[in-house]
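Student: I am new to this structure. Please take me through one part of it closely, and then show me what lies beyond that part.

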Amino acid sequence: FLFDIKDITFFLIVKLNLLKNKNTIIDIAKQTIIEESKAIANLINFVNEDFTKSVKYILASKGRVIVTGIGKSANIATKIVATLNSTGTPAIFMHAADAIHGDLGNIQKNDVVICISNSGNTPEIKVLVPLIKNYGNKIVAITGNSESFLGKNADFVLNSFVEKEACPNNLAPTSSTTAQLVIGDALAVCLLEKNNFSSKDFAKYHPGGALGKKLYLRVQDLISNNELPMVKPNTPIKDVIIEISKKRLGTTAVVENKKIVGIITDGDLRRMLKDNSDISNLLAKDIMGKNPKTISVDAMAIQALETMENNNITQILVEDNSKYVGVVHLHDLLKEGIF
């Protein structure tokens, strides 16, 4: 194929522009992350006595936390509500615009209201704040302007000030909304710890999906549908192979008086065949692994996974008061999404 100089020049220009644009995009992305990380780091300087007082007041309150905002701050408010609810602090979202058109009925006598506004001077906030004050509810402000209408009228002010947005025009809410989110997370974690909210409590609010299963699923739940492969120390190898194949778990426990004395896996059988030309006289006790890893039937499923990973094994034998009761296979954990 023949190309003239114009074609070649055009091709090179296009390629250089693509490379330039690629680098520019990466640079912009990195700069955005840097700008927002700086803004978040600077929030440490604004954590003061008002933060402590707001946490203590919410802890002592007999009501809920109502979180409200307008625009992008409303989006942040919904996430903070979700975090509070999932960590033991009852919360509901109330859009600031809807609040002044009927949703103020959401606010009950003992509720605490968190108002989020970067400027603290939006028209909706100026209308809403006096109404909340008239109801007698305390207001926690998350604002980037402590001298704003919201800042001056709130009972507690959590300063989310950022020097500038990550947006090159310093207009689109970017660093400011990230700062609001971080303040909300800090508030939620303080409440969580002061309420002694445990992993068991967390499981109550997250029963679905892999996260929930890690918190509540136990070994007993995993073995309930599994076979119970089991041989005695003097069981002939032929019968051992049949037992492992029949129970389809890739292993069998070697049991004596209901107690585990060993384990035989598919790997043990392969090594046996490799090392022995005649297996007719071999017994289970001749090839079994002694002192196998075991786990209690009451242990969490995630503990079974950790034991398997730490010991590079794919099955673990299960005991109930030192008696053999089952096998957990890696596939059982995969099936439940715990991996």
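Tutor: What follows is a close look at one helix and its packing, then at some salt bridges and single residues.

This is a predicted model. Start with helix α7, which covers residues 175-194. Two other helices pack against it, and we take them in turn. Two packed helices are described by the angle between their axes and the distance between the axes.

Begin with helix α2, residues 49-60. Its packing angle with α7 is about 50°. The two axes lie 10 Å apart. An angle from 35 to under 65 degrees falls outside the parallel and perpendicular classes. The pair α2 and α7 is therefore oblique. Their crossing is right-handed.

Which residues of α2 and α7 meet? From α2 come Phe51, Ser54, Val55, Ile58 and Leu59. From α7 come Ile183, Ala186, Leu187, Cys190, Leu191 and Lys194. By class, this contact holds 9 nonpolar residues, 1 polar and 1 charged.

Now turn to helix α3, residues 72-86. It packs on α7 at an angle of about 20°. Here too the axes are 10 Å apart. Angles under 35 degrees count as roughly parallel, so α3 is roughly parallel to α7. The crossing of α3 and α7 is right-handed.

The α3 side of this contact is made by Lys72, Ser73, Ile76, Lys79, Ile80, Thr83 and Leu84. The α7 side is made by Thr177, Gln180, Leu181, Gly184, Asp185, Ala188 and Leu191. These residues divide into 6 nonpolar, 5 polar and 3 charged. Leu191 of α7 is named in the contact with α2, and Leu191 is named again in the contact with α3.

Two members of the α3 contact deserve a second look. Lys79 and Asp185 meet through their side chains in a salt bridge, with N and O 2.8 Å apart. Lys79 sits in α3 and Asp185 in α7, so this pair ties together parts that are 106 residues apart in sequence. How accessible are the two partners? Lys79 has a relative accessible area of 34%, which makes it partly exposed. Asp185 is partly exposed as well, at 26%.

That bridge belongs to a wider set. The whole structure has 7 salt bridges. Another of them joins Asp111 to Arg64, whose closest N and O atoms are 2.6 Å apart. Asp111 is in the loop between α4 (96-99) and β3 (112-117). Arg64 is in the loop between α2 and β1 (65-69). The two are 47 residues apart, so the pair links distant parts of the chain. Is Asp111 buried or exposed? Buried means under 20% relative accessible area. Asp111 has 4%, so it counts as buried. Arg64 has 26% and counts as partly exposed.

A further salt bridge joins the side chains of Asp155 and Lys133, at 3.4 Å from N to O. Asp155 lies in the loop between α6 (149-153) and β5 (156-159). Lys133 belongs to helix α5, residues 123-135. The pair therefore ties together parts 22 residues apart in sequence. Asp155 is partly exposed at 25% relative accessibility. Lys133 is partly exposed at 35%. Lys138 joins in too: Lys133, Lys138 and Asp155 are linked in a network of salt bridges.

Now follow the chain out of α7. Asn196 lies in the loop between α7 and α8 (199-205). Its phi is near 55°, a positive value in a residue other than glycine. Asn196 is exposed, with 64% relative accessible area.

Asn291 also has a phi near 55°, again positive in a residue other than glycine. Asn291 is in the loop between α13 and β9 (294-296). Its relative accessible area is 73%, so Asn291 is exposed.

One last stop is helix α13 itself, residues 284-287, where Lys285 is found. Lys285 is partly exposed, at 41% relative accessible area. What does Lys285 touch, leaving aside residues up to four places away in sequence? The answer is Pro233 and Asn234. Asn234 is 51 residues from Lys285 along the chain. Their C-alpha atoms are separated by 6.3 Å.

Conventions
Residues are numbered from 1 along each chain as its sequence is written. This is a predicted model: local features need pLDDT of at least 70, side-chain atom pairs count only at pLDDT 80 or more; totals for chains, interfaces and linings use all residues. Side-chain values use heavy atoms; hydrogens and water are left out. Axes are lines fitted to C-alpha atoms, for helices over the stretch in contact, and angles run from 0 to 180 degrees between N-to-C directions. Helices (H or I, at least four residues) and strands (E, at least two) are DSSP runs, numbered from the N terminus. Angles under 35 degrees count as roughly parallel, over 145 as roughly antiparallel, 65 to 115 as roughly perpendicular and the rest as oblique. A crossing is left-handed if the near helix is turned anticlockwise from the far one by less than a right angle, and right-handed if clockwise. Contact means heavy atoms within 4.5 Å. Ala, Val, Leu, Ile, Met, Phe, Trp, Tyr, Cys and Pro count as nonpolar, Asp, Glu, Lys and Arg as charged, and the others, Gly among them, as polar. A salt bridge is a side-chain nitrogen of Lys or Arg within 4 Å of a carboxyl oxygen of Asp or Glu. Buried means under 20% relative accessible area, exposed over 50%, partly exposed in between (1.4 Å probe, protein chains only).
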